[in-house]
Amino acid sequence: MRSGLLRGSYIPTSANISEGDVVETSGMGGIYPKGITIGKVKSVENTLNPLDRYALIEPAVNFSKVETVLVITN
């Protein structure tokens, strides 16, 4: 995998996903709120198994440069 990219796995074959799409948190699961930008799809990679495709995602943040994180609640 290319350095610095994220891998989005378990993408349903029915999902319409393409290069340039913005990836955000869904809010499902109750851990992260809906709408936090994760990054942009750089490419969608198909394997020999059509059920095993994945997306390479360029993060919205350069994590190597993050020094401080502040969490604000209400």
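This is a short dialogue on reading the fold, the pockets and two residues of a predicted model.

Student: Where should I begin, and which elements does the protein contain?

Tutor: Begin with the secondary structure, remembering that the model is predicted. The protein has four strands and zero helices, and from the N terminus on its elements follow the order β-β-β-β.

Student: How does the radius of gyration of the protein stand against that of a compact globule of 74 residues?

Tutor: The radius of gyration of the protein is 14 Å, whereas a compact globule of 74 residues would come near 11 Å. Along the principal axes, the C-alpha atoms fill a box of roughly 45 × 30 × 15 Å, and buried residues account for 18% of the 74 residues.

Student: How much space lies in the largest pocket, and which residues lie nearest its centre?

Tutor: A pocket can be read first by its volume and then by its lining. The largest pocket holds about 340 Å³ of space, and of the 14 residues that line it, Val23, Glu24, Thr25, Ile38 and Ile57 lie nearest the centre. Strands S1 (6–8), S2 (22–24), S3 (37–45) and S4 (54–59) each supply at least two lining residues, with S2 giving the most, namely three. By class, this lining comprises nine nonpolar, three polar and two charged residues.

Student: What classes of residue make up the lining of the second largest pocket?

Tutor: That lining divides into eight nonpolar and two polar residues, with no charged ones. The space in the second largest pocket is about 270 Å³, and its lining residues include Thr25, Tyr32, Ile36, Ile38 and Phe63.

Student: Thr25 was named for both pockets, so is Thr25 buried or exposed?

Tutor: Relative accessible area decides such a point, and Thr25 counts as buried because its value of 16% falls under the 20% limit. Thr25 sits in the loop between S2 and S3, where a polar atom of its side chain lies 2.6 Å from the backbone oxygen of Pro33. Leaving aside neighbours within four places in sequence, the contacts of Thr25 are with Tyr32, Pro33, Lys34, Gly35, Ile36 and Ile38.

Student: And for contrast, is Ile72 buried or exposed?

Tutor: Ile72 is exposed, because its relative accessible area of 69% is over the 50% limit. Ile72 belongs to the segment after S4, and its C-alpha atom is separated by 26 Å from that of Ile57, with the two residues 15 apart along the chain.

Notes
Residues numbered from 1 in each chain as written. Predicted model: local features only at pLDDT ≥ 70, side-chain atom pairs only at ≥ 80, totals over all residues. Heavy atoms only, no water. 1 Å grid on protein atoms, 1.4 Å probe; cavity = no way out; pocket = protein on both sides within 12 Å on 5 of 7 lines; lining within 4 Å. Points joined across faces, edges and corners; volume = space filled by probe spheres on them. Nonpolar A, V, L, I, M, F, W, Y, C, P; charged D, E, K, R; others polar. Buried < 20%, exposed > 50% of the residue type's maximum accessible area, 1.4 Å probe, protein only. Polar contact = N/O pair within 3.5 Å; in protein donor to acceptor, adjacent residues only side chain to side chain. Contact = heavy atoms within 4.5 Å. Rg over C-alpha atoms; globule rule 2.2 N^0.38 Å.
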